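Could you walk me through a protein model with a few short exercises? I'd like each one solved step by step.

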Amino acid sequence: MNTLIDFYQHLGWALTALVIGTFMLAGTVKGVIGLGLPTVAMGLLGLAMAPAQAAALLIIPSTVTNVWQLAKGGQLRGLLARLWPMLLMIAVGTGLGSWWLGINGGPSMTRALGAALLLYALSGLALPTFSVPASAERWLGPLCGLLTGIIASATGVFVIPAVPYLQALGLSRDQLVQALGLSFTVSTLALAAGLAGTGALGGDELGASWLALAPALLGMWLGQWLRQRISAVLFKRVFFIGMAGLGLHLLMQG
């Protein structure tokens, strides 16, 4: 506990408040639309700290909320049988990217984070609806997984191109939510292994990440409450516009 307190005292109370507020907002977004926690967390925390430090903080909240998400739906066995090549290549891509690129505090990684957020936002706002034929899944799934892992290893954002790919598979709403949770869980665990391998994730960082879990869960509960009372389509559009602006700012700042 003393180590955890020392970590946040070293971080500063202003940044500590930013961490708590960020994870509450990120949890709220995830509660409403089923995704967005690491994206929001990396985008906002990337304004004030190194990407590696931000990525370390999201490990526990992202893992717990995604396991919670993938545990619901009753389709886990079928989804694993269908998606395992993509999931395997996410882990491979993250491992290769961590060894080759890694997350560091340099301006190039800040720009990479901004570019990933901007690309994700534009895909959500402008990408037309498309479908992936069954014959293409054999090669397209692993390719999307590899690219997702490499991008995640450099930016901490693991939605491109995994999310558009999963959305194009023609899954039911419940299957899609569970598939996203499965993909994000594998991505988070692979990212954690990559961070640990480069020395960016140790006991202090994990302890600090546990503290971020409570506001994330509170935000997720609030988001699920809001989902019944607001237009999810409008909320998603506002979310993507916000991510585009944030990504553009990080891209220019880097």
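Below are some exercises on this predicted model, each with a worked solution.

**Exercise 1. The overall picture**

Work out how many helices and strands the protein has, and what pattern they follow along the sequence.

Solution. Start with the count: there are twelve helices and zero strands. Now read along the sequence, and you get α-α-α-α-α-α-α-α-α-α-α-α.

**Exercise 2. Size and burial**

Decide what the radius of gyration says about the protein when set against a compact globule.

Solution. Take the expected value to begin with: with 254 residues, a compact globule would have a radius of gyration near 18 Å. Then look at the protein itself, which has 17 Å, so the value agrees with that expectation. For the extents, the C-alpha trace spans about 55 × 45 × 35 Å along the principal axes. As for burial, 50% of the 254 residues count as buried. Finally, check the contacts between residues at least 6 apart in sequence: 84% of them join residues at least 24 apart.

**Exercise 3. How α4 meets α10**

Describe the packing of α4 and α10: what are the angle and the axis distance, and which residues meet?

Solution. Two packed helices are described by the angle between their axes and the distance between the axes. Here, α4 (residues 51–70) and α10 (residues 203–211) pack at an angle of about 55°, and their axes are 7 Å apart. That angle makes α4 oblique to α10. Next comes the handedness, and this crossing is right-handed. Now for the residues: on the α4 side you'll find Ala56, Leu57, Leu58, Ile59, Ile60 and Pro61, and they meet Glu205, Leu206, Ala208, Ser209 and Trp210 of α10. Sorted by class, this contact has nine nonpolar residues, one polar and one charged.

**Exercise 4. How α2 meets α12**

Do the same for α2 and α12: at what angle do they cross, and is the crossing left-handed or right-handed?

Solution. The axes of α2 (residues 13–33) and α12 (residues 232–253) come within 10 Å and cross at roughly 140°. The two helices are therefore oblique to each other. As for the hand, α2 passes α12 in a left-handed crossing. Val29, Val32 and Ile33 are the α2 residues here, meeting Ala232, Phe235, Lys236 and Phe239 in α12. Split by class, that gives six nonpolar residues, no polar ones and one charged.

**Exercise 5. Two residues, two settings**

Find out where Leu113 and Lys72 sit, and how accessible each one is.

Solution. Take Leu113 to start: you'll find it in helix α6 (residues 107–126). Its relative accessibility is 1%, so Leu113 counts as buried. Leaving out residues up to four places away in sequence, Leu113 touches Met42, Gly46, Thr155, Val157 and Leu250. The C-alpha atoms of Leu113 and Ala41 are 12 Å apart, with their positions 72 residues apart along the chain.

Now turn to Lys72, which is in the loop between α4 and α5 (76–100). With 48% relative accessibility, Lys72 counts as partly exposed, because exposed would mean over 50%. Asp174 is 102 residues away along the chain, yet the C-alpha atoms of Lys72 and Asp174 are separated by 8.3 Å.

**Exercise 6. An unusual peptide bond**

Work out which residues the cis peptide bond joins, and where Pro161 lies.

Solution. Keep in mind that most peptide bonds are trans. The cis bond joins Ile160 and Pro161, with omega about -5°. Pro161 itself lies in the loop between α7 (134–155) and α8 (162–167).

Terms used
Residues numbered from 1 in each chain as written. Predicted model: local features only at pLDDT ≥ 70, side-chain atom pairs only at ≥ 80, totals over all residues. Heavy atoms only, no water. Axes fitted to C-alpha atoms, helices over the stretch in contact; angles between N-to-C directions. Helix = DSSP H or I, 4+ residues; strand = E, 2+ residues; numbered from the N terminus. Parallel < 35°, antiparallel > 145°, perpendicular 65-115°, else oblique. Left-handed = near helix turned anticlockwise from the far one by under 90°. Contact = heavy atoms within 4.5 Å. Nonpolar A, V, L, I, M, F, W, Y, C, P; charged D, E, K, R; others polar. Rg over C-alpha atoms; globule rule 2.2 N^0.38 Å. Buried < 20%, exposed > 50% of the residue type's maximum accessible area, 1.4 Å probe, protein only.
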